[in-house]
Structures are given as C-alpha cells and as structure tokens.
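Me: I've got a structure open and I'd like to understand the labels people put on it. Can you walk me through the reasoning?

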Amino acid sequence: MDWTGISAYQGTCPLLPGGPTPTPTRYEAEDSPAVCTGTIDSNHTGYTGTGFCNGSSAVGAHAQFTVNAATVGTATLRLRFANGTTTARPASLIVNGSTVHTPSFAGTGAWNTWVTQTLTVTLNAGSNTIQVSPTTSAGLPNIDHLEVTTT
Ligand code: GCU
C-alpha cells in the first residue's frame with residue numbers, strides 16, 4: 001500500500017445511498033422572530049402551526065424568517081404558500097440583504113390549497129434572514145411556513 005498523498009481516512013463513502021436523511025427545520029410565518037408585513041390569519045384551513053402570513057397588497061410587504069445554519073453552505077428551502085387567485089404573484093427572495101431568486105407563486109386553485117416551492121440558497125454560519133418580498137401591488141400569496149434543510 002502506498003500512502004503517498006493520503007491525508008485523512010474516511011471509513012464510509014459519503015456518496016453511497018442509504019445514509020441518513022437530514023431533517024428539515026420548520027419556521028412558521030406567524031412565530032417570532034418571523035416578520036409578516038400584514039396580518040396573521042387563520043381563516044383558510046390547511047395551514048401548519050397557528051396561522052399564516054397574509055401580507056398586505058403592496059410591493060415590499062414581506063414575510064421574513066430568521067434561519068440558523070451550523071455552517072456556511074447550501075440549503076434547500078421549501079416555502080409553503082397558497083394563492084387562491086388565477087394570477088401568479090412574483091417576489092424577490094432576499095437572503096441576508098441580497099436578492100438571490102425571483103420566484104413567482106402561481107395560483108394554487110383555492111386559498112386552502114397549499115403547495116410548496118423549493119429553492120436552493122447559500123446560507124452563512126449562524127443567523128440568516130430570508131425575506132420573501134413581493135414585486136407587484138398584489139402582494140404575496142399567503143405564506144404558511146419555511147422549511148430549511150442544510151446538508
Ligand atoms: C383574499 C383571501 C386572503 C388573501 C387575499 C389576497 O382576501 O381571503 O387570505 O390574502 O385574498 O388576495 O391576498
């Protein structure tokens with residue numbers, strides 16, 4: 001055996017299937033320190049927690065989450081929302097002050113039909129702010145929660 005160039009031993013291959021599935025952390029839009037520029041409502045069923053963010057109908061009327069990450073790196077975001085109109089609602093996804101995505105939240109068929117939009121971002125180690133900020137006067141869809149998985 002030639003150990004030249006070997007700097008560390010790893011007993012298992014990280015690329016093999018069957019490893020543990022990371023558990024997402026859920027952040028409810030109605031729970032502080034989350035911010036909802038609008039009202040916390042509960043009049044449409046199917047939400048998790050105790051309600052959802054009904055943002056005001058205005059540009060910039062946002063939902064904001066404070067998310068902790070152990071280390072810098074890629075995170076998968078799953079944002080749960082409902083849009084009972086037939087018109088998509090565009091927004092900026094702003095992570096730590098920078099717009100990193102411009103998702104558009106399509107109609108879901110009803111205000112009590114919730115769907116999840118997946119987005120991939122880079123988080124800093126420690127506290128991060130993740131803001132969903134509407135770019136039209138229609139405002140956001142109703143926002144239920146954000147789930148974050150770091151790998
Ligand atoms: C309706 C609905 C609200 C929703 C709003 C909107 O009023 O009941 O939950 O937020 O439409 O268009 O954003």
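Here is a short back-and-forth about the labels used for this model.

Reply: Sure, and keep in mind that this is a predicted model.

Me: What makes Cys36 and Cys53 a disulfide?

Reply: The cut-off for two cysteine sulfur atoms is 2.5 Å. In Cys36 and Cys53 the sulfur atoms are 2.2 Å apart, so the pair is within 2.5 Å and counts as a disulfide. A search of the whole structure turns up one disulfide. The pair links distant parts of the chain, with Cys36 in strand E2 and Cys53 in strand E4, 17 residues apart.

Me: Why is Cys36 called buried?

Reply: Buried means under 20% relative accessible area. Cys36 has 17%, so it gets the label. Its partner Cys53 has 0%, so Cys53 is buried by that rule too.

Me: How do you know that His44 makes a polar contact with the ligand?

Reply: You need a pair of N or O atoms within 3.5 Å. An N or O atom in the side chain of His44 is 2.8 Å from an oxygen atom of the ligand, so that pair qualifies. Arg89 also has a polar side-chain atom 2.8 Å from a ligand oxygen, and so does Asn142, at 2.8 Å. Taken alone, the ligand exposes 320 Å², and the protein buries 67% of that.

Me: What makes one residue of the shell around the ligand count as nonpolar?

Reply: The ligand is surrounded by His44, Asn54, Arg89, Trp111 and Asn142. Trp is on the nonpolar list, so Trp111 is the nonpolar one. By class, the shell also has three polar residues and one charged residue.

Definitions and conventions
Residues are numbered from 1 along each chain as its sequence is written. This is a predicted model: local features need pLDDT of at least 70, side-chain atom pairs count only at pLDDT 80 or more; totals for chains, interfaces and linings use all residues. Side-chain values use heavy atoms; hydrogens and water are left out. A residue is near a molecule or strand if one of its heavy atoms lies within 4 Å of it. A polar contact is a pair of N or O atoms within 3.5 Å; within protein, one must be able to donate a hydrogen and the other to accept it, and residues adjacent in sequence count only if both atoms are side-chain atoms. Accessible areas come from the Shrake-Rupley method with a 1.4 Å probe; for residues, only the protein chains shown count as cover. Helices (H or I, at least four residues) and strands (E, at least two) are DSSP runs, numbered from the N terminus. Buried means under 20% relative accessible area, exposed over 50%, partly exposed in between (1.4 Å probe, protein chains only).
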